[in-house]
Amino acid sequence: MDITEIIEEKRTLPVRKQVDVLVVGGGPTGIIAAQAAAEGGKTKVLLIDNRSFLGGNMTIGLPVLGFLSQKKEQIIKGLPDAFIKRLRAKNAASEHRACPLHMGITMVEPEAVKTEALALMVEAGVEVMLYTYFVDVVLDKVADAGNNLLKGVIIETKSGREVILAKTIIDCTGDGDVAFRAGVPTHQGDEKGGVQPSTLMFCMGGVDTEKLRMSIAEEPRTYLTDFIPNAYFGQNNQFIVVGLRSLMAKGRQDGFNLPTERTIIITGLRQGEAWINMSAVSGVNGVDPDSLTHGEIQGRQQVEDIQAYLKKYVPGFKEAYFTKIAPFLGIRETRVTEGEYILTGQDILSCRRFEDVITVASYPLDLHHPEGGGCTLEWCGDCYDIPYRSIVPLKVDGLLVAGRCLSATHEAMSSTRVMATCMALGEAAGRAARQAVANRMLVRDIDVQALQAELVASGAYLGAAFNQ
Ligand SMILES: Cc1cc2nc3c(=O)[nH]c(=O)nc-3n(C[C@H](O)[C@H](O)[C@H](O)COP(=O)(O)OP(=O)(O)OC[C@H]3O[C@@H](n4cnc5c(N)ncnc54)[C@H](O)[C@@H]3O)c2cc1C
């Protein structure tokens, strides 16, 4: 008979570190959360990440979306904007450029993101542990119906299994790993469990981006794009192309294996560089290693035909050559958590305001269909608020959940997931955690008005009622 399970032996684990605030996951949310938590120098902050670098999805060749609103105003300021300014000082980020489809796009150089994120942590006094996998929680379980208290985490590294104890923990894993292990209710995908497809980003050099944009501007019938007026390309030399559907159809007729209907090209910061967001693997479960491996294999197989298609049909790509593939498969959606408030698609479409707002956001609902192929976009015409309660999880104390895995529905997450919004959530979570530690309180019980006042005083934008 096959053995289907074993019982893990009980063992004693060494406590490696004790800190005030532990941030798990050093993506765009986590680095800003750690910086905010460490501000003032009185709070001992540790940031752990399982990879060899910080930056998460900000290192896979994506532009940062969400800094500008649908009214073309800058709505994300504070620490997220300071990080972009830091990159810009190294010629590693563009301006926040208005885009009719994406509201605001900010190009960043992935390698500089890794370098500057680490430098920022050192300057901010945040201790960083890379190559460190969060694997489990240390919980004080309460017997009655009350919340369990999270006291620390178990990590796995080359040194083995160890414990980090912390007064407050912020889950910035994107996947809600800490929340899930701690017993916070989580959900994955739509009503059938379908998640948005994953994408292996890759980069090409030698692209004549001038030819590309002028062809689109001057030959709109041949090079039709989605939502973005062709004239836009005549006026902008850094841009995202989304569309060219008739070229894709032709490529498919000619036998190219193309997984999506739309050509998506993002100009890089370097001359002649373009990042390609066109592979799509449906059904990848981003928290299952077999499924992730399948996604990596499929993604790599798709890259070849996509390149050949671009070179044959898309203006400016004739002399282009492949340069690199992103360090990991881009996962749009895994778990979202259930918090004191679950943000909904309707909240977003009605531009809802909340008394406990911790950031405003404006990116549309942007659902890549789980079965592949299409994408649905819906705009509210303005901004909406994200409340503090959406980062305070149910059932577990001592924990905040910020970034992609906040408390939101499948629809709402398709908007809140963009990186500028995630960074702003990270700032609020970091400041809230510091306040909780300073006042010896649970993050659930902090003074949200004091948090809002601190956010505004330090440059964040919480809407007209707060920022006079
Ligand atoms: C293909 C694709 C295209 C996208 N396009 C855009 C776009 O154009 N613009 C935009 O703004 N957004 C885009 N997004 C969305 C955006 O990239 C993510 O939603 C955002 O990066 C989420 O930020 P995060 O910090 O919550 O998570 P992540 O960026 O995923 O960072 C999580 C970090 O946690 C670490 N981690 C995870 N689990 C553990 C663990 N168990 N132990 C230790 N460390 C752990 C990871 O290594 C990582 O560094 C796209 C996403 C994808 C996949």
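Which residues are exposed on the other side of helix 7? The legends below address this and related points. The structure is a predicted model, in which local features need pLDDT of at least 70, side-chain atom pairs count only at pLDDT 80 or more, and totals for chains, interfaces and linings use all residues. Residues are numbered from 1 along each chain as its sequence is written.

**View 1. Buried and exposed residues of helix 7 (residues 245-253).** Leu 247, Met 248 and Gly 251 are buried (20 or more other C-beta atoms within 10 Å of the residue's own, with C-beta atoms placed from the backbone). Viewed down the helix axis, these buried residues fall within an arc of 100°, so they line one face of helix 7. Ala 249 and Gln 253, on the other side, are exposed (12 or fewer such atoms).

**View 2. Surroundings of helix 7.** Its buried residues pack against strand 13 (263-267) and helix 8 (289-313). Gly 255, which follows helix 7, has a positive phi, near 100°.

**View 3. Crossing of helix 1 (residues 28-38) and helix 11 (residues 419-438).** The two axes, lines fitted to C-alpha atoms over the stretch in contact, come within 7 Å and cross at roughly 30°. Helix 1 is therefore roughly parallel to helix 11 (an angle under 35 degrees). The crossing is right-handed (the near helix is turned clockwise from the far one by less than a right angle).

**View 4. Contact of helix 1 with helix 11.** Residues in contact have C-beta atoms within 7 Å. Among those of helix 1 are Pro 28, Ile 32 and Gln 35; helix 11 contributes residues including Met 419, Leu 425 and Arg 434. The contact residues divide into twelve nonpolar (Ala, Val, Leu, Ile, Met, Phe, Trp, Tyr, Cys and Pro), three charged (Asp, Glu, Lys and Arg) and five polar (the others, Gly among them).

Technical notes. Helix = DSSP H or I, 4+ residues; strand = E, 2+ residues; numbered from the N terminus. Arc of directions from axis to C-beta. Contact = placed C-beta atoms within 7 Å. Axes fitted to C-alpha atoms, helices over the stretch in contact; angles between N-to-C directions. Parallel < 35°, antiparallel > 145°, perpendicular 65-115°, else oblique.
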